Amino acid sequence: MKQPSSSLALSGNALALAIANPGSLGTIEAYISAVNRLPVLTAERETELARRLRDRDDLDAARELVLSHLRLVVSVARQYLGYGLPHADLIQEGNVGLMKAVKRFDPERGVRLVSFAVHWIKAEIHEFIIRNWRMVKVATTKAQRKLFFNLRSMRPDGHTLDPEQVDRIAQELNVRREDVSEMEVRLSGRDLSLEKQDDDEEPFAPIAYLSDDCRQEPTRVLDRRAHDELQGAGLAHALEALDPRSRRIIEARWLQDDGGITLQELAQEFGVSAERIRQIEAAALKKMRGTLAAA
């Protein structure tokens with residue numbers, strides 16, 4: 001039986017942290033270079049490790065299975081760079097999917113882990129893109145998600161679809177032609193800032209064309225002032241309900257003028273994984289929503 005090579009053992013300590021935080025090795029290029037040097041498991045070794053994990057909850061076996069397939073996550077994540085999200089974040093989410101696949105892998109089914117894991121990796125990356133690609137979510141139903149991840153490649157030269165092409169895509173993906181047309185419009189649109197940007201050559205921003213004839217009406221002024229005070233006080237109250245670490249994460253991610261910092265940067269600051277930072281962030285936001293609702 002072939003034993004794990006020394007390169008896996010030597011690289012494992014550093015890469016164990018990198019599974020959840022690809023940026024921990026310095027740069028994403030250093031991470032990719034490191035995982036590509038890890039050896040690929042033979043079918044026999046993979047089956048042995050999977051059985052040890054299944055029968056004895058052997059974490060060392062799970063670790064070796066995960067490390068040996070990190071290059072697969074890098075390869076899959078690269079396919080989604082066109083959505084404008086950081087490569088490191090895509091890899092991190094894919095690594096979560098890989099770990100889920102390793103946990104559920106059955107070596108007796110006669111399927112290699114690489115074939116089984118790719119579906120879990122893509123599922124996690126898809127969820128991440130849907131959550132983060134735009135402020136206004138473009139895909140919520142199953143049909144919309146299918147179109148979101150396939151329509152770009154199916155549009156010839158990115159041009160507007162004619163009726164025949166809409167019918168063909170709808171039939172190919174087994175969705176309604178109305179769904180195809182709607183998703184085409186959503187993907188063709190872009191986020192537009194209401195206010196003028198520093199590098200914008202246009203003298204007027206869209207907000208200049210929005211009229212509000214009743215804006216200075218006294219009752220509206222008072223209502224708006226009360227609303228602003230409630231929002232400011234409510235936010236401050238909700239932040240005070242958080243522990244220092246959670247508050248730091250929320251303020252760094254959501255309350256910065258420059259758009260906030262990444263999960264990886266916070267992970268390095270607190271010495272935990274980026275996935276742990278995301279969990280703390282989600283719990284803090286949930287708590288804040290409850291505090292604001294009770295105010």
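How many of the ten residues of helix α4 are buried? Seven of them are, so you can call this helix mostly covered.

**View 1. Helix α4 and the residue just before it.** This is a predicted model, and the first close-up sits on α4, residues 59-68. The buried set here is Ala61, Ala62, Glu64, Leu65, Val66, Leu67 and Ser68. Have a look at the start of the helix too: there, a side-chain oxygen of Asp58 comes to within 2.9 Å of the backbone nitrogen of Asp60.

**View 2. The whole chain, for orientation.** Zoom out for a moment and you'll count 15 helices and zero strands. The chain has 295 residues, and 37% of them count as buried. Take the contacts with a separation of 6 or more, and 59% of those come from residues 24 or more positions apart. About 18,000 Å² of the chain is exposed, with carbon and sulfur atoms supplying 52% of that area.

**View 3. Helix α14 and what covers it.** Back in close, this one shows α14, which spans residues 263-270. Leu263, Gln264, Leu266 and Ala267 are its buried residues. Looking down the axis of α14, those buried residues fall within an arc of 165°, so they line one face of the helix. As a reminder, an α-helix has 3.6 residues a turn, so residues three or four places apart point the same way. The cover over the buried residues of α14 includes α6, α13 (244-254) and α15 (274-294). Right after α14 comes Gly271, and its phi is positive, near 70°.

**View 4. The spans annotated in UniProt.** An unreviewed UniProt entry puts a "DNA-binding region" at residues 263-282. In the model, that span is 85% helix and 0% strand, and its end C-alpha atoms are 12 Å apart. UniProt, again in an unreviewed entry, lists "domain: RNA polymerase sigma-70" at residues 89-102 and 262-288. Residues 89-102 are 100% helix and 0% strand, with end C-alpha atoms 20 Å apart. For residues 262-288, the numbers are 85% helix, 0% strand and 20 Å between the end C-alpha atoms.

**View 5. Glu124 on helix α7.** Glu124 belongs to α7, residues 113-132. Is Glu124 buried or exposed? Its relative accessible area is 14%, and the cut-off for buried is under 20%, so Glu124 is buried. Leaving out residues up to four places away in sequence, Glu124 touches Glu93, Val96, Gly97 and Lys100.

**View 6. Gly84 in its loop.** Gly84 is part of the loop between α5 (70-78) and α6 (87-104). Its relative accessibility is 65%, and anything over 50% is exposed, so Gly84 counts as exposed. The C-alpha atom of Gly84 is 9.3 Å from that of Ile129, although the two residues are 45 residues apart along the chain.

**View 7. The aromatic pair.** The count of aromatic pairs comes to one. The ring centres of Phe105 and Phe116 are 5.9 Å apart and the ring planes stand at 45°, so this pair is tilted. Phe105 sits in the loop between α6 and α7, while Phe116 is in helix α7, eleven residues apart. How covered are the two? Phe105 is buried at 9% relative accessibility, whereas Phe116 is partly exposed with a relative accessible area of 26%.

Key. Residues numbered from 1 in each chain as written. Predicted model: local features only at pLDDT ≥ 70, side-chain atom pairs only at ≥ 80, totals over all residues. Heavy atoms only, no water. UniProt positions renumbered as here; feature names shortened; annotations may be inferred. Helix = DSSP H or I, 4+ residues; strand = E, 2+ residues; numbered from the N terminus. Buried < 20%, exposed > 50% of the residue type's maximum accessible area, 1.4 Å probe, protein only. Contact = heavy atoms within 4.5 Å. Areas by Shrake-Rupley, 256 points an atom, 1.4 Å probe, with all protein chains shown as cover. Polar contact = N/O pair within 3.5 Å; in protein donor to acceptor, adjacent residues only side chain to side chain. Arc of directions from axis to C-beta. Phe/Tyr/Trp six-rings, centres within 6.5 Å; stacked < 30°, edge-to-face > 60°.
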